[in-house]
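User: Please take a close look at one helix of this model and describe how it sits among its neighbours. I would like a connected account rather than a list.

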Amino acid sequence: MTRVVVAANILFVFLLFIIIQPTSGLSSFSVDSSISSKSMATKAASAAVARNVGKLKIDQTAMLFCDMQERFRSLIYKGETVVQTCRYMTSVAAALDIPIVATQQYTKVFGPTIKDCFASPEKELSNLPIFEKKKFSMLTDEVENHLQTLSRNSYIIMGIEAHVCVQQTCLDLLEKGADVHVIVDGVTSQQVIDRNMALKRLEQAGAFLTTAQSAAFMLMESAEHPNFKAVSKLTVEHMKLPNEFN
């Protein structure tokens with residue numbers, strides 16, 4: 001009787017081993033497949049991130065010029081540096097044939113666009129599309145319709161005030177899936193804390209913070225660009241001016 005029980009136990013263990021063995025193999029395969037799938041997903045996610053690192057391309061970029069008006073000039077923090085930066089960037093845009101779109105907030109109260117933001121104000125302002133607005137964001141219906149005709153998906157923005165009109169414009173553009181590049185030496189507010197918090201808020205939302213010179217050279221990509229010498233000359237002249245943000 002004891003021998004029968006022992007034999008039965010041995011048979012049971014043997015059968016159990018046979019049953020479990022294929023399952024174990026399948027389990028191993030399942031784990032390997034899971035690891036492989038996760039690896040592929042990680043690589044795909046990395047590739048997606050790499051495709052959106054904020055590179056500026058001339059044929060995909062437009063420049064937004066937000067409410068740089070005379071009434072604010074003496075009121076805003078580091079205002080003269082911002083004006084000089086705007087002048088540099090509008091000159092770069094002219095050299096590289098990048099379209100500029102400007103707005104003015106309630107012109108009757110805050111006055112016209114600052115002429116010193118342009119190297120040749122009479123010529124450039126006469127050809128510049130300037131949209132009147134009361135909405136804080138630049139993206140009024142008229143501006144949105146105009147932007148659609150440009151067919152750009154990347155925007156460089158300068159202007160005032162950083163925490164109101166500039167910020168709301170950037171958030172609207174980001175919400176629409178556009179790339180937004182904020183020129184940090186080309187935006188400001190009346191109060192330092194408002195400027196600082198706006199830049200932090202925009203970076204958290206997905207905007208790219210950059211400097212005027214960095215944006216200019218990223219647009220050209222190479223010293224072989226046909227207008228490299230012209231932009232380099234503009235840069236040298238701009239660097240001779242005091243930068244209050246340094």
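Analyst: In this predicted model, helix α9 covers residues 228–239, and its twelve residues reach 16 Å from the first C-alpha to the last, close to the 16 Å expected at 1.5 Å a residue. Its buried residues are V231, S232, T235 and H238. Viewed down the axis of α9, these buried residues fall within an arc of 125°, so they line one face of the helix. The face turned away from that buried side carries the exposed residues K229 and K233.

What covers the buried residues of α9 includes two helices, α2 (79–96) and α8 (212–220). Each of these packings can be followed in turn, beginning with a general point: two packed helices are described by the angle between their axes and the distance between the axes.

For α8 and α9, the axes lie 11 Å apart and the packing angle is about 175°. Because angles over 145 degrees count as roughly antiparallel, α8 is roughly antiparallel to α9. On the α8 side the contact is made by Q213, A216, F217 and M220, while α9 contributes F228, V231, S232, T235 and M239. By character, the residues of this contact of α8 with α9 divide into six nonpolar, three polar and no charged.

For α2 and α9, the axes come within 10 Å and cross at roughly 175°, which makes α2 roughly antiparallel to α9 as well. Here α2 supplies Q84, T85, Y88, S91, V92, A95 and L96, and α9 supplies V231, L234, T235 and H238. The residues of the contact of α2 with α9 divide into six nonpolar, five polar and no charged.

Taken residue by residue, the buried side of α9 can be read against both contacts. V231 and T235 are buried, and they take part in the contact with α8 and also in the contact with α2. The buried residue S232 is listed among the α9 residues that meet α8, whereas the buried residue H238 is listed among the α9 residues that meet α2.

A separate site, in a strand, may be set beside this helix. I160 lies in strand β4 (residues 154–160), and at 2% relative accessibility I160 counts as buried. Leaving aside residues up to four places away in sequence, I160 touches C66, D67, M68, Q69, F72, I76, C165, V166 and T188. I160 and S189 are 29 residues apart in sequence, and their C-alpha atoms are 6.1 Å apart in space.

Notes: Residues are numbered from 1 along each chain as its sequence is written. This is a predicted model: local features need pLDDT of at least 70, side-chain atom pairs count only at pLDDT 80 or more; totals for chains, interfaces and linings use all residues. Side-chain values use heavy atoms; hydrogens and water are left out. Helices (H or I, at least four residues) and strands (E, at least two) are DSSP runs, numbered from the N terminus. The expected span of a helix is 1.5 Å times one less than its number of residues. Buried means under 20% relative accessible area, exposed over 50%, partly exposed in between (1.4 Å probe, protein chains only). The arc is that of the directions from the helix axis to the C-beta atoms. Contact means heavy atoms within 4.5 Å. Axes are lines fitted to C-alpha atoms, for helices over the stretch in contact, and angles run from 0 to 180 degrees between N-to-C directions. Angles under 35 degrees count as roughly parallel, over 145 as roughly antiparallel, 65 to 115 as roughly perpendicular and the rest as oblique. Ala, Val, Leu, Ile, Met, Phe, Trp, Tyr, Cys and Pro count as nonpolar, Asp, Glu, Lys and Arg as charged, and the others, Gly among them, as polar.
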